[in-house]
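Please find below my notes on the side-chain packing and charge pairing in this model. I would suggest reading them with the coordinates open.

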Amino acid sequence: MESESDVKDLYQKDFDAESYLQMYYNPNSDVYVEGYYLSFLLENLHKTFSSGDVKGDLLIDIGCGPAIHTIISACECFKEIIACDWTDRNRQAYERWLRNEPGSFDWTPVLSIVCELEGDRAKCAEKEKKIRSTVKRVLKCDITKRNPLIPAILPPADCLVTSLCLESACTDLNSYSQAIRNITTLLKPRGHLVMFGATGSTSYKVAQKLFPALNLNEECIKTTLNANDYVIKEMKINPLSPEQKTTFPYLLEYFFVLAQKTSN
């Protein structure tokens, strides 16, 4: 079994941000995830943030990778967003998009989906501007550390969002629980955790390179959150259809969790 240090080295050395974006978020890709995980994620994020129950001053996107899709809806509900990721290339790709540099990834198709959910598919340019003004910093993050954002010092966040991060970085259920505990130090009492991920997965591919994943199930997710002082407000498990299993043979289902940190 690989150690956490081995996994971190693997991501830093071999994770190709551009290949990841083109493989999973380009509509021309054979494995473009609209209708699969992406639609599931965007629809649940829209519902969560449009409800008015999850809002505040600061949201932190944990393990954002090179992707902005997790904060498209959230940018309307928070004064400031901090994106963070372990891998240098991921943060660089994210920052290129924030600066609107030529050649940065085109998120228009994904932005259009969210804008349509919000009632106006044509407002992509306005949404881009909103995101770029709301994301204030892109920081290095190590969820294996007690304070994942050291040396940065931030006020406690009102909300944490994380998608497909924890199961990619953790090697067993003990390290998974510790990672939850670590990121929770960034969250204020009564703050919310919005988490997406996959169950039944042991690996996934980016540009034919295999990356490990922790095999989670619904029960261990619930147990871990409860053990780390969260109350689960909503949880959805979405099994893959036969067609989806053909496209994504390395996972069983994907999940959404909205949880709230206790006041302790």
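The points below take up the cores, the aromatic rings and the salt bridges in turn.

1. This is a predicted model, in which local features need pLDDT of at least 70 and side-chain atom pairs count only at pLDDT 80 or more, whereas totals for chains, interfaces and linings use all residues. Residues are numbered from 1 along each chain as its sequence is written, and side-chain values use heavy atoms, with hydrogens and water left out.

2. The largest nonpolar core (buried Ala, Val, Leu, Ile, Met, Phe, Trp, Tyr and Cys residues joined through side-chain atoms within 4.5 Å) has 54 residues, and those with the most contacts inside it include Phe49, Trp107 and Ile131. Its largest share, seven residues, comes from helix α3 (residues 37-50), helices being DSSP runs of H or I with at least four residues and strands being E runs of at least two, numbered from the N terminus. Apart from this core lies another, of 32 residues, among them Ile82 and Cys220.

3. The structure holds 14 aromatic pairs, meaning rings of Phe, Tyr and Trp (its six-membered ring) with centres within 6.5 Å, where planes under 30 degrees apart count as stacked, over 60 as edge-to-face and the rest as tilted. Tyr20 and Tyr24 form a tilted pair, 5.5 Å centre to centre with 50° between the planes. The rings of Tyr20 and Tyr25 have planes at 70° and centres 5.6 Å apart, so this pair is edge-to-face. Both Tyr20 and Tyr25 are buried, that is, under 20% relative accessible area, with exposed meaning over 50% and partly exposed in between (1.4 Å probe, protein chains only).

4. There are 16 salt bridges, each a side-chain nitrogen of Lys or Arg within 4 Å of a carboxyl oxygen of Asp or Glu. One of them joins Glu234 to Lys47, with the closest N and O atoms 3.4 Å apart; this pair links distant parts of the chain, Glu234 in strand β8 (residues 230-239) and Lys47 in helix α3, 187 residues apart.

5. Lys127 forms a salt bridge with Glu76, the closest N and O atoms being 2.8 Å apart. Lys127 is buried, at 1% relative accessible area, whereas Glu76 is partly exposed, at 43%.

6. Lys140 appears in two settings: the residue lies over the face of Trp86, at 4.0 Å from the ring centre, and forms a salt bridge with Asp88, in which the closest N and O atoms are 3.5 Å apart. A charge sits over a ring if NZ of Lys or CZ of Arg is within 6 Å of the ring centre and within 35 degrees of the ring normal.
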